[in-house]
Amino acid sequence: MTDTKTVLARIAAARQDKARHATWIDETLRLALPTYRRVNDRSDSSLRVEEQDDQFDNELEIVAEDFASDMISTFTPRHERWVLFEPADDLTEGQKKEIAPQLAMIGDAVFSELERSNYWDAAQECFAFWGVSAMMVAVSDMGPLNPLHFQPIEIPDALMERGPDGSVTGKWREMNLTTAEQNMLWGASMGAYFPPHRGARKDKKSKVIEGCDRDWSTPGVERWNYRIFVDDKERVKFTYEGAGSCPIIACRFRQQADSAWGPGPFKKATPRARVLDELAYLNLKGLGRAIDPAFSYEEDGLANFEGGMQPGMAYARAPGSEAPEAFLPDVRFDASFFAADEMRKAIKRSCYQDRPEQPGDTPPTLGQWMDEKAWNTRRKELPRDRCVREWVLPIIERVAWILTKRGVLPPVKLKGGKVVNCRPISPLSKAKDLEDMNLTGQVLAMASNIGAAMQVGVPVDAKATMENLIHTAKERHIVMKSDEQIMAEQAAAAMAQGGMDAGAPPV
């Protein structure tokens, strides 16, 4: 089997892998992202219109937008540096200080290029897809005069291959493009392969597959084979090497042992969203029956209510006949509204969008609020490592790789000319910072208890007790004064007090 046939077979296997999950992916898309295409998309637009008309609650759709914005702020905030650059080689402290300005220049260049790009526009869509299962983006270099272009890849177009180690070893996207559209995408960089076509067949669409498959021929070297297939015929093949050389970045929320696709947080919220939608329909149905109920009337030969009753109209009826009787439904709307509120909270919790709340009449203390906030933030640790490993660092590596190819990023060198390899690292977790701040407050609160005990005559060594508390709690923010500092401050205070006494008038 030729190399081309092997890759096409791998793409077909990746397509079958996604088809195994198409049912729950489409249902999650229907409730969370109803305007986007589905894996098993139906060409009949009337079915999609009917589906939209049958939707009575959009809680999951609202939460999906909040989730995407929250994840952007958590992992790739616009006005913060997501990563720091450090040397990948073992260096002395002096050498690290020597290359620090060069590392700062790399960070400035990378994030300046990101600011020029459309990353944050694309990230809003990408992280919404991440809540369903996985997100993919194609990062294209449109030339040094143009900003980088991030193109979100919708789930129906995305294909992934899971390697034996669990990593993504194949990333592709499927498209139906005309010849003119192919030239628009790749004409500037690969004009020889995609020339402008002005013939009669220029509007004919072709099945195009673009992507990369990992080349493992050289152990320890990241190498990707970039290919473009047009109607299952390989038209382009390049080999790219180095971290960030793959133009398609894929990030999964979870993975399964036998598949590249796994459920995202929206999948957990789908059953409740489905019930909530049905409950909203039943509530509207019950309200309709309560506001405009069916009724019965006595056939007296005069009154005729077959067409219903209009407000403000007068209707004659025979003397002694009974007034129309309404059939009012016995419905408790308060119970259904309470159940809906509980399900909305559960949907928000499934998507990490729950916030510290005040369940009773007494407002929570600062310590209680900080504890709950730290707990909610800690729950985001589940996807944090994978997002950093498969999204945050690869994006930075991709931008740095493109800038290096342009010649914007020179190699980092020591004074002797030795080239130093550099790598991006992710900053510490925000959840851990919140927990440390909360711990600091708790230890300082204990310090006030020590002072209160000393005031009532309890023989306590305050400094030694505080040092024991800090050591036991492993607190790292509180700085205790040394004995020399305390003695110096006491002496200075005594001198100041003495000076004031000497200048004071006699009593």
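Me: Helices here are DSSP runs of H or I with at least four residues, numbered from the N terminus. With that in hand, which residue follows H13?

Reply: This is a predicted model, by the way. Helix H13 takes in residues 462–473, twelve in number. The residue that follows H13 has a positive phi, near 55°, and that residue is lysine 474.

Me: And what caps the N-terminal end of H13?

Reply: From first C-alpha to last, H13 reaches 16 Å, close to the 16 Å expected at 1.5 Å a residue. At its N-terminal end, a side-chain oxygen lies 3.4 Å from the backbone nitrogen of alanine 464. The residue supplying that oxygen, and so capping the helix by the 3.5 Å limit for a polar contact, is aspartate 461.

Me: Zooming out, how much of the protein counts as buried?

Reply: The protein has 14 helices and 14 strands, and its accessible surface comes to about 28,800 Å², with 55% of that belonging to carbon and sulfur atoms. Buried means under 20% relative accessible area. Of the 507 residues, the share that passes is 39%.

Me: Which helix gives the largest share of the largest nonpolar core?

Reply: In soluble globular proteins, nonpolar side chains tend to be buried together. Here the largest nonpolar core has 81 residues, and those touching the most other members are Trp82, Leu114, Tyr119, Phe127, Trp130, Phe150 and Trp391. Twelve residues of this core come from a single helix, spanning 381–406, and that gives the largest share to H11.

Me: How many residues are in the other core, the one with Met175 and Val236?

Reply: That core lies apart from the 81-residue one. Met190 and Val208 are among its members too, along with Met175 and Val236. Its size is 13 residues.

Me: Back to the big core: what does tyrosine 119 contact, leaving aside neighbours within four places in sequence?

Reply: Tyrosine 119 is one of the residues there that touch the most other members. Several of its contacts are on that same short list, including Trp82, Leu114, Phe127, Phe150 and Trp391. The full set for tyrosine 119 is Thr76, Trp82, Leu114, Phe127, Phe150, Trp391 and Ile395.

Me: Is arginine 252 buried or exposed?

Reply: Arginine 252 lies in strand S9, and its C-alpha is 6.8 Å from that of tryptophan 130, 122 residues away along the chain. Its contacts include Trp130, Met160, Arg162, Arg386 and Glu390. The cut-off for burial is 20%; because its relative accessibility is 1%, arginine 252 counts as buried.

Me: Which side chain makes a polar contact with the side chain of arginine 252?

Reply: Arginine 252 touches both Arg386 and Glu390. The polar contact from its side chain is at 2.7 Å, and the partner is glutamate 390.

Me: What about glutamate 161: which side chain does its own make a polar contact with?

Reply: Glutamate 161 sits in strand S4, residues 158–162, and it counts as buried because its relative accessibility is 17%. Among its contacts are Ser167, Val168, Trp172 and Ala260. The polar contact of its side chain, at 2.6 Å, is with arginine 10.

Me: How many residues apart in sequence are the parts tied together by glutamate 27 and arginine 274?

Reply: The protein has 26 salt bridges, and in this one the closest N and O atoms are 3.2 Å apart. Glutamate 27 belongs to helix H2 and arginine 274 to helix H8, so the pair links parts whose separation in sequence is 247 residues.

Me: Where does aspartate 57 lie, the partner of arginine 344?

Reply: The two side chains meet in a salt bridge at 3.0 Å, N to O. Aspartate 57 counts as buried at 13% relative accessibility, while arginine 344 is partly exposed at 26%. Arginine 344 is in helix H9, so the pair ties together parts 287 residues apart in sequence, with aspartate 57 in the loop between helix H3 and helix H4.

Me: Last one: how far apart in space are alanine 243 and arginine 223, C-alpha to C-alpha?

Reply: Alanine 243 is in the loop between strand S8 and strand S9, with contacts to Glu222, Glu397 and Trp401 beyond its sequence neighbours within four places. In sequence, alanine 243 and arginine 223 are 20 residues apart; in space the figure is 8.3 Å.

Definitions and conventions: Residues numbered from 1 in each chain as written. Predicted model: local features only at pLDDT ≥ 70, side-chain atom pairs only at ≥ 80, totals over all residues. Heavy atoms only, no water. Helix = DSSP H or I, 4+ residues; strand = E, 2+ residues; numbered from the N terminus. Contact = heavy atoms within 4.5 Å. Expected span 1.5 Å × (residues − 1). Polar contact = N/O pair within 3.5 Å; in protein donor to acceptor, adjacent residues only side chain to side chain. Core = buried A, V, L, I, M, F, W, Y, C linked by side-chain atoms within 4.5 Å. Buried < 20%, exposed > 50% of the residue type's maximum accessible area, 1.4 Å probe, protein only. Areas by Shrake-Rupley, 256 points an atom, 1.4 Å probe, with all protein chains shown as cover. Salt bridge = Lys/Arg side-chain N within 4 Å of Asp/Glu carboxyl O.
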